[in-house]
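Me: I would like to take a close look at one part of this protein and see how that part sits among its neighbours. Please go slowly, since I am new to reading structures.

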Amino acid sequence: MFLEIQSERELQPGAAYRAHRARIQDQVESLGGWHKIPETFSWYCVSGKIEGGLMRKLAVVNMKGGVGKTTTAIHIAAGLAMRGRKVLLIDADPQGNVGHTLNIRPPHTFEELMTGDAALDTVVMRGVREGLDVVVSTPEAFSLERRLAGETQRETILARRLRNESHYDVVVIDTSPAMNLLTFNALLLAEELIIPVGMDLMAVIGARQTYNGVLQVRDLWPERKLDLLAVVPTFVHSGNHASRATLDALSRDPAVGQHVFEPGIRQCIDLNYATASHQTIWEYAPRSRAAGDYASLVDVVERGTLKSAAAKQEQKRGDRNATDGRSEERTSEASASRAAEIQTHV
């Protein structure tokens, strides 16, 4: 929600802050919004406007593994932190790849948060990067499905653990490659979803199955907001038939087509080297294609919509088509055939 103010300036605690807060409260009430703006309301000055909102919660999900979920979750979280947001990254995948990637091994983990053996403040590892805190998972969390079987409302444990959290602007959750208890906990905490999709048939099927699971969550908990923000193609190579066909199948899909982030995250060996070096792509290779692609994705997350990116993406596609026009003519027929095959299987 954007609310007009008279001047662009930093809001500081004190009388001026309280006056602006009271004014925004009046505007919110006039728009039929929240009854009261809490003291923990987050404020940002953006182009002469205040962007105000409660803590955003995003989950990165796909029932198919190997599609770049962890890499995407880390870069969304780190990218937002680089832009001045206070971000909490939660690894809800017992494989624990967030900790491996960032080379962190805290004494307390996601498992203890879920069982109630430790509070959020205890399990959070602070200052992993400037503005970025992390909750790490380990293989011990594989037992949570069994250990929490008798808990009341066990699908909402994570949401309840973070119910009173107000320190962060954004929470990003990395999830398991399955629609299990931990994934349901992530979905019932989150309000926005990112679905990474690899360039193969099974990843597209996984994305569709994941979206069907989201629809199931919406049916079972209709009072909870759960919106699909973006479907993110990963490992994209525009020069081969598989990538072209998969992108075409995604764009034609009636359920997720309008949410596809194009051109996606292109194949880039620097991502592998960055992971091996326990760095983000912006730390390892800030001028690489992957650095640019993930920066564009962070733009989308910041805006909360794909719509304003459409013109830029269209221009990129136009430039690419102008360069590869002749190649397009030779491969379009094969790509269309492959896309139709993928669509049939999906």
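Which residue in β7 is the bridge partner of Leu89?

Reply: The bridge partner of Leu89 is Val134 in β7, and, keeping in mind that this is a predicted model, we can use that pair as a way into the surroundings of strand β5. Strand β5 covers residues 87-91, and 5 of its 5 residues are buried, so the strand is largely enclosed by the rest of the structure. Buried here means that a residue keeps under 20% relative accessible area, and this holds for the residues on both faces of β5: Val87, Leu89 and Asp91 point one way, while Leu88 and Ile90 point the other way.

Two strands pair with β5. One of them is β7, made of residues 132-135, which runs parallel to β5 and is joined to it over 4 bridges, with Leu89 and Val134 as bridge partners. The other is β8, residues 170-174, which also pairs with β5 in the parallel sense, in this case over 5 bridges; there, Asp91 of β5 stands opposite Asp174 of β8.

To place this strand in its wider setting, it helps to know that the secondary structure of the protein comes to 15 helices and 10 strands, and that buried residues make up 49% of its 346 residues. Among the contacts with a separation of 6 or more, 74% are between residues 24 or more positions apart. As for the outside, the protein exposes about 16700 Å², of which carbon and sulfur atoms supply 49%.

Conventions: Residues numbered from 1 in each chain as written. Predicted model: local features only at pLDDT ≥ 70, side-chain atom pairs only at ≥ 80, totals over all residues. Heavy atoms only, no water. Buried < 20%, exposed > 50% of the residue type's maximum accessible area, 1.4 Å probe, protein only. Contact = heavy atoms within 4.5 Å. Areas by Shrake-Rupley, 256 points an atom, 1.4 Å probe, with all protein chains shown as cover. Pairing = 2+ DSSP bridges.
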